[in-house]
Amino acid sequence: MRDYRRPDGETLYWPVGPFKLRLPFIHYRFEWPDYLQGLLMCAVDLAAIPLMTELLGMPFEAALAVVLLNGILYLTHHLLGDPVVPGWITPAIPLLMAYCSGFPEGPERVHALIAFQLLLGGFCIFLGLTGLSRKVVNVVPPAIKAGIIMGAGIAAVITVFKVGGRFESFPWTISIAIGIAFYLIFSRHFNVLKKRNAFWATLGKLGIFPIIALAIVVAPIFAEAPWPTIEWGFTKPDFATLWNEYTVFGLGLPSAAMFLQAIPTMLAAYIVLFGDVLQGKALLTEADEARKDEKIDYDPDRAHMIFGGRNATMSIIGPDVAMCGPLWAAMHVVITERFKEGRKAMDSIFGGAGSFRWGTNTGLLLMPIVSLVEPILGVALALTLLIQGYVSVRIGILEARSQRDLGIAGVTAAVLATQGATWAFAVGVALCFLIYGRQFFTGENDQTFTKDLEQKAPEE
């Protein structure tokens, strides 16, 4: 079997400035289990379509064009050296929809979205190019980091279970699907089964793929969705309508005043996005510790340039309500958990993340796949939100370093989930200042967590 490693332990690449170009079969092993997951998990990408038709009045085929363009840009992360599964800025979607709804439907509302996303993209690129993103990650107090990540997770769960949320439409399907998903991904018992039996090991490698397949059957049985009507051929995105009626090509650039109005919402969205960066960094650190055979190089500056570039590009060619985020937490967890199982399970983290995103792009082009999963798009979205919620709370708590940090984080998380990111950040800053004073940035380490215990020599 070909060895895709460099002498220093990194996966092979071609250096391109700050980026590390990696191509399938040349620089990393293609992982077919992750590709197969992607074929059905394109259902989550497609779940962005109702968001755009609801907010912008965009036709289905034009919204599909946005999803396809975004899907192509997803590939840039692993191709350019960012070892993550990218996705939306999910917790910020309600914030953005509320902001855009303040403008009349039509060109003015589209301009509001364009101004917001272009501003967000430019801001992220600036942080990445100047190296300030790395400083932002390190300068934020641990209590606020913990609160932002926990709050994003709680907000994701609330989105599913709130009045009018997706749980009301698919109560049985979501309950069954999420129960089995949590067992397959996080259960210690199933982890033992995978080591003892080849069948369970194979099932574990498929991640969420069998869960989505099960939902396609369960939802009609409980009369929560119709049986899928399979259509053949390729999807037909409407790029002409998209570019003529929903982009700068047909509407022109937003006014300067529109960009100024978008600044507060952009900063609030970045706070949430920043939580995803922290979460991605934490998950990759765990994976790197579990797999010593591959050196994982995660660079926040490079990540900022990539997802900043995605947002800036999409603001011009296809403004996207879901936005372009640095991490799809649910699927990144699935990929990293399988990566931790060893080199036989997954040779490289780039192979897993890349193969998955090649799979989602293939699924978006195939009408049989799109028509198969269309009835359960709400279930797919709920599944990724609940897995993200679980992981965000776990990672968020571990960002804290003391019991005071936990208290600040809990209040900050609650405010973020109920009042939005701007208020949450303000509350977190105020609490850290009141409680820690001059130690605002460092806080304290009371060794509540075993991860913070100092290694001391035993006393004689």
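This report describes cysteines, a buried aspartate and a pair of packed helices in a predicted model.

## Cysteines

The model is predicted, and the count of disulfides in it comes to zero. A disulfide would need two cysteine sulfur atoms within 2.5 Å, and the distances for two of the cysteines show why they do not qualify. For cysteine 42, the closest cysteine sulfur belongs to cysteine 324 and lies 18 Å away, which is too far for a bond. For cysteine 324, in turn, the closest cysteine sulfur is that of cysteine 124, at 10 Å, and this too is too far for a bond.

Cysteine 42 counts as buried because its relative accessibility is 0%, and cysteine 324, with a relative accessibility of 0%, likewise counts as buried.

## Aspartate 45 and its surroundings

Aspartate 45 is part of helix α1, which covers residues 32-46. Its relative accessibility is 3%, so aspartate 45 counts as buried.

When neighbours within four places in sequence are left aside, aspartate 45 is in contact with Val67, Tyr74 and Trp88, and also with Trp328, Arg357, Thr360 and Leu364. Asparagine 197 stands 152 residues from aspartate 45 along the chain, and the C-alpha atoms of these two residues are separated by 33 Å.

## Helices α9 and α12

Two packed helices are described by the angle between their axes and by the distance between the axes. Helix α9, made up of residues 171-186, and helix α12, made up of residues 209-221, have axes that come within 10 Å and cross at roughly 160°. Because an angle over 145 degrees counts as roughly antiparallel, α9 is roughly antiparallel to α12. The crossing of α9 and α12 is right-handed.

On the side of α9, the contact is made by Thr173, Ile176, Ala177, Ile180, Ala181 and Leu184, while α12 contributes Ile211, Leu214, Ala215, Val218 and Ala219. Sorted by character, the residues of this contact between α9 and α12 comprise ten nonpolar and one polar, with no charged residue among them.

Definitions and conventions: Residues numbered from 1 in each chain as written. Predicted model: local features only at pLDDT ≥ 70, side-chain atom pairs only at ≥ 80, totals over all residues. Heavy atoms only, no water. Buried < 20%, exposed > 50% of the residue type's maximum accessible area, 1.4 Å probe, protein only. Helix = DSSP H or I, 4+ residues; strand = E, 2+ residues; numbered from the N terminus. Contact = heavy atoms within 4.5 Å. Axes fitted to C-alpha atoms, helices over the stretch in contact; angles between N-to-C directions. Parallel < 35°, antiparallel > 145°, perpendicular 65-115°, else oblique. Left-handed = near helix turned anticlockwise from the far one by under 90°. Nonpolar A, V, L, I, M, F, W, Y, C, P; charged D, E, K, R; others polar.
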